[in-house]
Structure formats: structure tokens, C-alpha cells
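Me: I have a model open and want to know what its labels rest on. Take me through the reasoning, one label at a time.

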Amino acid sequence: MSESYVVLKDVWKIYRTGAVEWPALRGVNLSIDRKTFTAVIGPSGSGKSTLLNIVGGLDRPTSGSVVVGGMDISKLNGRKLANYRNTHIGFVFQSYNLLNYLTVFENVELPLVIKGVDSRVRRDAVLSMLDMFGLREMAYKRPVELSGGEQQRVAIARALINSPSLILADEPTGNLDSKNAQIVVEAFRKLVSEHGKTILMVTHNIELTKYADVIVKMRDGNIVEVSS
Ligand SMILES: Nc1ncnc2c1ncn2[C@@H]1O[C@H](COP(=O)(O)OP(=O)(O)OP(=O)(O)O)[C@@H](O)[C@H]1O
Ligand SMILES: [Mg+2]
């Protein structure tokens, strides 16, 4: 039986720029079960990234509650929120955000270095992650020497190295051709079905929503449809 893992209740996010207030989220309610793959779609400016950032603790809601794994993260202070991100969340972005002065191996290893994990343990973990994404041969290359699809696989490997239970991906295939986009989304599907991860992915590519269990459609800061 599945249980709700992420629960948002009446979440508002109002951005203030000088005297101008812009409600990016307008009373969002959403429940996401564990071990599901959810695709978030909707026009530009509808609040998709804002929603993801709030679930991931990169940003705080103006009002409303965000409960993840039974914990209300909207009430956490900066340090606790950072700890929540580091232990529970894997982020994947459109622009990969890899460090070009590090090798592929070192990029994937970095979260474990920050965590203070022993180097032998790090090495085993990184190599098995590289194997999983077919990147073993590229371990000592720099990200600039890889294709976009390979770079995004490195970014996903890095997002997974800390074993997060929740993966948040904001247009992860936005810079990829259709073949590489499919590889990434098939990897996500497998992470949910075979490894019990929960994934929330923003996409503009309707084709890719067929891999998802649930499709959440946003418009003007609200969820207008949830289909499964
Ligand atoms: N830091 C900010 N300050 C002010 N307004 C913001 C900020 N971030 C987002 N907004 C506004 O909030 C609204 C929602 O933005 P958001 O980035 O969530 O949209 P989106 O659905 O992800 O769009 P896209 O598909 O273009 O990425 C937009 O109108 C945007 O201009
Ligand atoms: Mg966005």
C-alpha cells in the first residue's frame, strides 16, 4: 500500500520585487505517494519551478504547510532546511550544474566528500553509480568533454550518490535531443519501479509524461488537473 509522502496544503508563494507583489503559487494542494513518478506540466510562468523549489527546501512558502516524510519543512530554520536537503533530496536541473574543473568521478564523489565519507567507501559508491549510468569509461574525463546526455547522466549520478528518497528534476531533458531525453526518463522510471525512489519532474515534453504515474497540470500558480 502506498502512503502520501509529500503533502502540500494551501501553499502560497508571493514574490516581492520592490512594491510589486507577484503570487507565483496561489493556494496549492497536492499529495504525492511514495514510490511514484510524477510529471509536472504547464505553461511558462505557471509556478512549476517554484513548486519544486519549495518541496526541495530551496525556498520557503509565504503561507501554507509542506510536509515531507511526516516533517513540516516550512517551519525549519536555515540549518535544518539545509540538512533536510542534503539527506532527503536529489536535485537535477536542466543545465546539469557540473563543475568543469573536476573529473566525472570527482563530480559524483563531491557530495560524499562534503559529508565526510571515507575515501575507500566513496570510491566504491562512485564506481557503482557510474556503472549504473554507463559512465565508467568516462570517469576521468571532464564534463566539457562529454555530450549533453552524458553530462545529464553524471548530474543524475551525483544527485543519487547520497541515496536521497526524493528526486526533484526541473526540466532535466530541456537541453537534450529526444534519444537522450528518453534515456534519462527511462532511468527515472527504473529508479521508481526498481529502487523505490519518489520522483517529481517538470517537463515541457508531453511525450515524456507517458513514463509517469501521475501528471500534475499547473496554470497561473495553481494545480488545475491531476491525472493518473
Ligand atoms: N525570484 C523571483 N522573484 C520574482 N518573481 C519570481 C521569482 N521567481 C519566479 N517568479 C515569478 O513567479 C512565476 C512562476 O515562476 P516559475 O519559475 O515557478 O515558473 P515555471 O512554471 O517554472 O516557468 P518556466 O516553464 O518558464 O520555467 C513567474 O511569473 C515568475 O516571473
Ligand atoms: Mg521553471
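Reply: Start with pairing: two strands pair if DSSP finds at least two bridges between them. In this predicted model, E4 and strand E5 (residues 71–72) have two bridges, in the antiparallel sense. Two meets the cut-off of at least two, so E4 and E5 count as paired. One bridge partner to look at is Met71 in E5, which goes with Val68.

Me: What makes E4 and E5 a hairpin, and which residue in the turn has a positive phi?

Reply: Two residues lie between E4 and E5, and the strands form a hairpin. Gly69 sits in the turn, with a positive phi of about 55°.

Me: Which strands make up the sheet that holds E4 and E5, and in what order?

Reply: The order is E2-E1-E4-E5, an open sheet of four strands with antiparallel pairing. Eleven bridges join E1 to E2. Leu8 is opposite Leu30 in E2. E1 also pairs with strand E4 (residues 63–68), antiparallel, over five bridges. There, Val7 is opposite Val67 in E4.

Me: Why are E2 and E5 called edge strands?

Reply: Each of them pairs on one side only.

Me: How do you know that E9 and E10 are paired?

Reply: Strand E9 (residues 214–219) and strand E10 (residues 222–227) share five bridges in the antiparallel sense. The cut-off is at least two bridges, so E9 and E10 pass. Lys217 is opposite Glu225 in E10. E9 and E10 also form a hairpin, with two residues between them. Asp220 in that turn has a positive phi of about 50°.

Me: What makes the pairing "mixed" in the sheet of six strands?

Reply: The order is E6-E7-E8-E3-E9-E10, an open sheet with mixed pairing. Two of its pairs show both senses. Strand E3 (residues 37–41) and E9 pair in the parallel sense, over four bridges, whereas E9 and E10 are antiparallel. Ala39 is opposite Ile215 in E9.

Me: Which helices pack on that sheet, and which strands do they touch?

Reply: H1 touches E3, strand E7 (166–170), strand E8 (198–202) and E9. Its direction makes about 150° with that of E8. H5 touches E6 and E7, and its direction makes about 165° with that of E6.

Me: Why are H3 and H5 called roughly parallel?

Reply: Two packed helices are described by the angle between their axes and the distance between the axes. Helix H3 (residues 104–115) and helix H5 (residues 148–160) pack at about 25°, with their axes 7 Å apart. Angles under 35 degrees count as roughly parallel. H3 and H5 are therefore roughly parallel to each other. Their crossing is right-handed.

Me: Which residues make the contact of H3 with H5?

Reply: H3 brings Val104, Asn107, Val108, Leu110 and Pro111. H5 brings Val154, Ala157 and Arg158. By class, the contact has six nonpolar residues, one polar and one charged.

Me: How do you know that H5 is roughly parallel to H6?

Reply: H5 and helix H6 (residues 178–193) pack at an angle of about 20°. The cut-off is under 35 degrees, so H5 is roughly parallel to H6. Their axes are 9 Å apart. The crossing of H5 and H6 is right-handed.

Me: Which residues of H5 and H6 meet, and how do they divide by class?

Reply: Gly148, Gly149, Gln152 and Ile156 in H5 meet Asn180, Ile183, Val184 and Ala187 in H6. They divide into four nonpolar, four polar and no charged.

Me: What makes a residue part of the shell around ligand 1?

Reply: The cut-off is a C-beta atom, placed from the backbone, within 6 Å of the ligand. The residues around ligand 1 are Tyr15, Thr17, Trp22, Ala24, Gly42, Ser44, Gly45, Ser46, Gly47, Lys48, Ser49 and Thr50.

Me: Which elements supply the shell, and what is its make-up by class?

Reply: Strand E1 (4–17), strand E2 (20–33) and helix H1 (48–55) each supply at least two residues. H1 gives the largest share, three residues. The shell divides into three nonpolar, eight polar and one charged. Lys counts as charged and Gly as polar.

Note on methods. Residues numbered from 1 in each chain as written. Chains lettered and ligands numbered in written order. Predicted model: local features only at pLDDT ≥ 70, side-chain atom pairs only at ≥ 80, totals over all residues. Axes fitted to C-alpha atoms, helices over the stretch in contact; angles between N-to-C directions. Parallel < 35°, antiparallel > 145°, perpendicular 65-115°, else oblique. Left-handed = near helix turned anticlockwise from the far one by under 90°. Contact = placed C-beta atoms within 7 Å.
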